[in-house]
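Thanks for asking me to look this one over. Here are my comments, written with the bench in mind.

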Amino acid sequence: MASMSSDDQPGSRLGKYMETPVGGEIVRSFIPPSLPPEPPLTLTPAIVTRLAEAERALGRLDGVAARLPDQPLFLYMYVRKEAVLSSQIEGTQSTLDDLLLFEMNAEAGQPVDDIREVSNYVDAMMYGLDRLSSLPLSLRLIREMHERLLREGRGGSKMPGEFRTTQNWIGGTRPGNAIYVPPPVAEMILCLDQFERFMHDETPNLPALIKAGLLHVQFESIHPFLDGNGRIGRLLVTLFLIVTGVIRQPLLYLSLYLKTHRADYYRLLQEVRERGAWEAWIEFFLDGVIEIANQAFETATGIDELFRTDRDRISLESVRAGSVLRVHEAMQTRPFISGPATRAATGLTTPTVNAALADLEKMGIVEEITGKRRGRVYAYRRYLDLLHEGA
């Protein structure tokens, strides 16, 4: 029989520890208190200052994104960068180059599991963003994204699209020596119900950015899936900010910030659980929003400038500017490209494609990376360098 510890007090931020039998041993699983925190979150001067700066940074990012000549193109590539970073936190070794080469089928044979996992993350992310037009952000949508995240590869046996029915844990070789043990299944279901209610509640005294930070911690503490909790929990932040109108485009992803500050991230999650230290977490979270929003702004600006500069050079220097510009446009969604892929994307003939790629290579806009006579692959290197910045 599970039993409650006595360290939970009425009105406390501290939640409960429950002694739970798992695999022949008794473990202390944590049941987070419902949101919002009680006593209420204190909007300290440090939080208020960071909140204002974060809102300015997001407004600036939204502004530059709206001015991009091909906004869907930038989103296409930025989502892939996020997928790689978020998956790397979970231990995959794939790079952005690996994913892009996989997507253009430049690599022969079956994809390795790491690349498949990153590709699944892209699919889950784009599915969730598209589904918001017909379904509220909800436990149902979270499950649907999870199904797409784990439906192929190593996660296929981890109940894709279903909340767990057994106890899980974080760190350690078994529940008894784990760093953290989430709620038992019965309590998890109650926590998820409270989580969804809070997500949908009107909270006029709680800015949406701060609410997003609270939701992320709560989801990670509940840990409702056997695998993929971190990736879904990070994606949840972006989706929530979109549905609440904080951002108009899905350009804010915290994976790079959390990957860079991983030790602080895990420490602060645990301090919320053990001491109710929400204010320290919110300061850290808002710092991440500011840093990543500013980086995304610089990336968007740099890519826009690069494309305009290269188009101008092509128009001035190439005797076949029309066809070369069409190939250049294709490479904006395919920074790695082959002759057959270029023909399929542009409708140009083989001789025209080959001549255009030769012109782009001569101008230093692309480089051939395989060294082959046949089946050559070209890279839009400066574009890739901009996408790789900070990663």
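The points below go through the annotated site, then the aromatic rings and the charges over them.

1. A word on the source before the details: this is a predicted model, so please read every value below as computed from that model.

2. Let's start with the annotated site. In an unreviewed UniProt entry, the annotation "binding site" takes in Glu-90, His-223, the run Asp-227, Gly-228, Asn-229, Gly-230, Arg-231, Ile-232, Gly-233 and Arg-234, and also Tyr-265 and Tyr-266.

3. His-223 is one of those positions. You will find His-223 in the loop that joins helix H7 (208–222) to helix H8 (229–243). Is His-223 buried or exposed? Its relative accessibility is 12%, and because the cut-off for buried is under 20%, His-223 counts as buried. Leaving aside residues up to four places away in sequence, His-223 touches Arg-164, Asn-168, Ile-170, Pro-182 and Asn-229; Asn-229 is itself in the annotated list.

4. Arg-234 also carries the annotation, and Arg-234 sits in helix H8. With 5% relative accessibility, Arg-234 counts as buried too. What does Arg-234 touch, not counting residues up to four places away in sequence? The contacts are Ser-86, Ile-89, Glu-90, His-216, Glu-220, Ser-255 and Leu-258, and of these Glu-90 appears in the UniProt annotation.

5. Now the rings. The count of aromatic pairs comes to 13. One of them is Phe-195 with Phe-219, a tilted pair with 6.0 Å centre to centre and 50° between the planes. Phe-195 belongs to helix H6 (residues 185–200) and Phe-219 to helix H7, so this pair ties together parts that are 24 residues apart in sequence. Both partners are buried: Phe-195 has a relative accessible area of 2%, and Phe-219 has 1%.

6. Trp-281 and Phe-285 make another tilted pair, at 5.9 Å centre to centre with 35° between the planes. These two are four residues apart in helix H11 (residues 278–317), so about one helical turn separates them. Trp-281 is buried at 1% relative accessible area, and Phe-285 is buried at 3%.

7. Which residues do ring pairs link into a cluster with Trp-281 and Phe-285? They are Tyr-257, Tyr-265, Tyr-266 and Phe-284. Tyr-265 and Tyr-266 are annotated positions as well, which is worth keeping in view when you look at the site.

8. Finally, two arginines lie over ring faces. Arg-60 is over the face of Phe-297, 3.7 Å from the ring centre, while Arg-273 is over the face of Tyr-180, at 3.8 Å from the ring centre.

Key: Residues are numbered from 1 along each chain as its sequence is written. This is a predicted model: local features need pLDDT of at least 70, side-chain atom pairs count only at pLDDT 80 or more; totals for chains, interfaces and linings use all residues. Side-chain values use heavy atoms; hydrogens and water are left out. UniProt positions are given in the numbering used here, feature names are shortened, and annotations may be inferred rather than shown by experiment. Buried means under 20% relative accessible area, exposed over 50%, partly exposed in between (1.4 Å probe, protein chains only). Contact means heavy atoms within 4.5 Å. Rings of Phe, Tyr and Trp (its six-membered ring) pair if their centres lie within 6.5 Å; planes under 30 degrees apart count as stacked, over 60 as edge-to-face and the rest as tilted. A charge sits over a ring if NZ of Lys or CZ of Arg is within 6 Å of the ring centre and within 35 degrees of the ring normal.
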